[in-house]
Amino acid sequence: MRPTGLDGDSLDAIKKRLGSGELYPAADPVLRPYRSRCMELLDRFNNTALGDFRTREAVLRDLLHRVEPGGWVMPRFLCEFGFFIELGPGTKINFDAVLLDCAPIVLGADVFLGPRCQLFTANHPYDPSLRRELYESARPITLGDRVWLGGGVTVLPGVSIGADTVVGAGSVVTKSLPSGVLAAGNPARIIRDVA
């Protein structure tokens, strides 16, 4: 049996279904206006001069669900909807980040993402017929306060990373990590406590 399409006219109903972890049709026409809005705002954001923090901050506040004071993102930045992303106070996202937000991505206070980090909430089914029809599911990603992801870190769907944890550059985080550890590798493994 095929999963049903996205029902409901409200953004809240759509967000609830996408963030539920159930399969949904990623190409459902009801998602087009939200993706189009996101693309237009990303074009504006990514076409600012590097020193034009004020303009980027204004666009970011329109694009994302929440941006707390002191949070900033450098271009080139990409996301799918924007409305699922929350940046805590003082959170910094460096160049070339991809936050695939088909479910909530919540970054706590003073989180640092190095260049080219990728946070993927979406996943596709193993069944090739469902995958061919562009079905997907999504699970949230949460980074606690003061988490630091080194350059090129990839975080997969459903992962939570506890406060004060550091993930080494180039790592792939496939499972949740506790607070206060240093982790690295593919898949990322805990190396030691952060003292």
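How much area does the chain expose, and what share of it do carbon and sulfur atoms supply? In this predicted model, the exposed area is about 9600 Å², and carbon and sulfur atoms account for 55% of it.

**Overall form**

The chain has a radius of gyration of 17 Å; this agrees with a compact globule, because a globule of 195 residues would have a value near 16 Å. Along the principal axes, the C-alpha atoms occupy a box of roughly 50 × 40 × 25 Å. Of the 195 residues, 47% are buried. Among contacts with a separation of 6 or more, 30% are between residues 24 or more positions apart. The chain carries 22 positive and 22 negative charges, and the mean positions of these two sets lie 4 Å apart.

**Secondary structure and the parallel sheet**

The chain contains 4 helices and 20 strands. An open sheet is built from 5 strands with parallel pairing, in the order E2-E5-E8-E13-E16. Its edges are strand E2 (66-67) and strand E16 (160-161); each has a single partner strand, so one side of each lacks a neighbour in the sheet. Within this order, E8 is followed by E13. Strand E8 covers residues 105-107 and strand E13 residues 141-143; the two run parallel and are joined by 3 bridges. In this pair, Val106 is opposite Thr142 of E13.

**Backbone features in loops**

The table lists two cis peptide bonds and two residues other than glycine with positive phi.

| Feature | Residues | Angle |
|---|---|---|
| Cis peptide bond | Pro75 and Arg76 | omega about -10° |
| Cis peptide bond | Asn186 and Pro187 | omega about 0° |
| Positive phi | Leu134 | phi near 65° |
| Positive phi | Arg146 | phi near 65° |

Where do these residues lie in the chain? Arg76, joined to Pro75 by a cis bond, is in the loop between strand E3 (72-73) and strand E4 (78-79). Pro187, joined to Asn186 by the other cis bond listed, is in the loop between strand E19 (181-184) and strand E20 (189-193).

Leu134 is in the loop between helix H4 (128-132) and strand E12 (135-138). Its relative accessible area is 43%, so Leu134 counts as partly exposed, a class that runs from the 20% limit for buried to the 50% limit for exposed. Arg146 is in the loop between E13 and strand E14 (148-149). With a relative accessible area of 41%, Arg146 is also partly exposed. The loop holding Arg146 thus begins at E13, the strand that pairs with E8 in the parallel sheet.

Note on methods. Residues are numbered from 1 along each chain as its sequence is written. This is a predicted model: local features need pLDDT of at least 70, side-chain atom pairs count only at pLDDT 80 or more; totals for chains, interfaces and linings use all residues. Side-chain values use heavy atoms; hydrogens and water are left out. The radius of gyration is taken over C-alpha atoms; the globule rule is 2.2 Å times the number of residues to the power 0.38. Buried means under 20% relative accessible area, exposed over 50%, partly exposed in between (1.4 Å probe, protein chains only). Contact means heavy atoms within 4.5 Å. Accessible areas come from the Shrake-Rupley method with a 1.4 Å probe; for residues, only the protein chains shown count as cover. Lys and Arg count as positive and Asp and Glu as negative; His and the chain ends are not counted. The place of a charge is taken as NZ of Lys, CZ of Arg, CG of Asp or CD of Glu. Two strands pair if DSSP finds at least two bridges between them.
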